[in-house]
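Thanks for sharing this one with me. Here are my notes, written as a few short points you can follow with the structure open beside you.

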Amino acid sequence: MAFDLEAFAETSEPVGWDDLDFDTFETQPLDENTLRSLRYMCDVEFHTSCYLRDMLVTPSHREEDAGDFMTVWNREEFWHGEALAAVLQRHGIVVDYDELKSKRVKLGWQQALSPLKQSVLSSLAGTDFVAVHMTWGAANELSAVAAYRRLAAMNDHPALTPLLKRIAQQETRHVAFYTTQARERLEGSEKARAVTRLALAKAWRPVGSGIMPETEIVHVMGHLFSGRREDLEGLDRRVQRLPGLQELTIFRTALTRMGIAI
Ligand SMILES: [Fe+2]
Ligand SMILES: [Fe+2]
């Protein structure tokens, strides 16, 4: 199925929460673990838009579709950060985007991919880089959908649950873009398949790795996915369906490596 970039750009709008009653956070405040996971997610969402600048110097930017998509995508991730920040604020937790940005901007996107960079990224030619980038992005977006849905299901909350479902809905469009792009690139090149397979098997880590403290990554992954083998298998299957990536188990491997019982 082709991804309709024009329709994506035209229908992109902020995740709204005006119609949700945030006063319910006063009477039904979120528990500590949920807030800690939300804090993580907020941070990662905001971080996305800190690194667009770095992304714009990678080979992906020269691909017209990818460049156009990333501008809209980036804005949506920023809105997710804003929505989560509003929830956190109701609990006295302040996440300031500008402050975060000034701290993080130097880290950049390459930092998030640092393990990958060490191993293969630097030696990649343009097209193969794009294949890795798009597949990596697909894995990240798939896990974002799963994380938001899971957190929504764990909290039967009148304001949080619908908000998380709205965010997850936007994340599914990101999945569609990245998987479409990844499939195309992987289908077209045996080398791209080999390199991407190697990169994901060796270096994929949950979103936020390299920018967030390890303790927080372990917390959020454990909070959302411990004992959820089936969810993780489902995520792995989605990646396995991409050309050349059969049998990869990046999600299960990553969580097991962190010591999370799945
Ligand atoms: Fe997001
Ligand atoms: Fe996303």
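1. Let's begin with R183, which is partly exposed, with a relative accessible area of 32%. Since being partly exposed covers values from the 20% limit for buried up to the 50% limit for exposed, R183 falls in that class because its value is 32%. You will find R183 in helix α11. Keep in mind while you look that this is a predicted model.

2. Which residues form a positive surface patch with R183? The partners are R149, R237, R238 and R241. Try selecting these arginines together with R183 to see the patch they form.

3. There is a negative surface patch too, formed by E64, D65, D68, E184 and E187. Two elements give two or more residues to this patch, namely α6 (64-89) and α11 (160-188). Which of the elements gives the most to the negative patch? The answer is α6, with three residues.

4. One member of the negative patch worth a click is E64, which sits in helix α6. Is E64 buried or exposed? E64 counts as exposed because its relative accessibility is 62%, and the cut-off for exposed is over 50%.

5. For a contrast, turn to G137 in helix α10, which spans residues 126-154. G137 is buried, since its relative accessible area is 9%, and buried means under 20%. Now look for V207: this residue is 70 residues away from G137 along the chain, yet their C-alpha atoms are separated by 9.5 Å.

6. Helix α15 covers residues 250-257, and its buried residues are I250, F251, R252, A254 and L255. Notice that an arginine, R252, is on that list. After α15 comes G259, and the phi angle of G259 is positive, near 85 degrees.

7. Now step back to the whole protein chain. How many helices and strands are there? The count is 15 helices and zero strands. The protein chain has 262 residues, and 53% of them count as buried. The area exposed by the chain is about 12100 Å², with carbon and sulfur atoms supplying 48% of that.

8. Finally, consider how the chain meets itself. Take the contacts between residues at least 6 apart in sequence: 82% of them join residues at least 24 apart. As you rotate the model, try picking a helix and asking which parts of the chain lie beside it.

Key: Residues are numbered from 1 along each chain as its sequence is written. Chains are lettered from A and ligands numbered from 1 in the order in which they are written. This is a predicted model: local features need pLDDT of at least 70, side-chain atom pairs count only at pLDDT 80 or more; totals for chains, interfaces and linings use all residues. Side-chain values use heavy atoms; hydrogens and water are left out. Patches are made of residues with over 30% relative accessible area and no salt bridge: like charges are joined within 9 Å, nonpolar side chains (Val, Leu, Ile, Met, Phe, Trp, Tyr) within 5 Å. Accessible areas come from the Shrake-Rupley method with a 1.4 Å probe; for residues, only the protein chains shown count as cover. A salt bridge is a side-chain nitrogen of Lys or Arg within 4 Å of a carboxyl oxygen of Asp or Glu. Lys and Arg count as positive and Asp and Glu as negative; His and the chain ends are not counted. The place of a charge is taken as NZ of Lys, CZ of Arg, CG of Asp or CD of Glu. Helices (H or I, at least four residues) and strands (E, at least two) are DSSP runs, numbered from the N terminus. Buried means under 20% relative accessible area, exposed over 50%, partly exposed in between (1.4 Å probe, protein chains only). Contact means heavy atoms within 4.5 Å.
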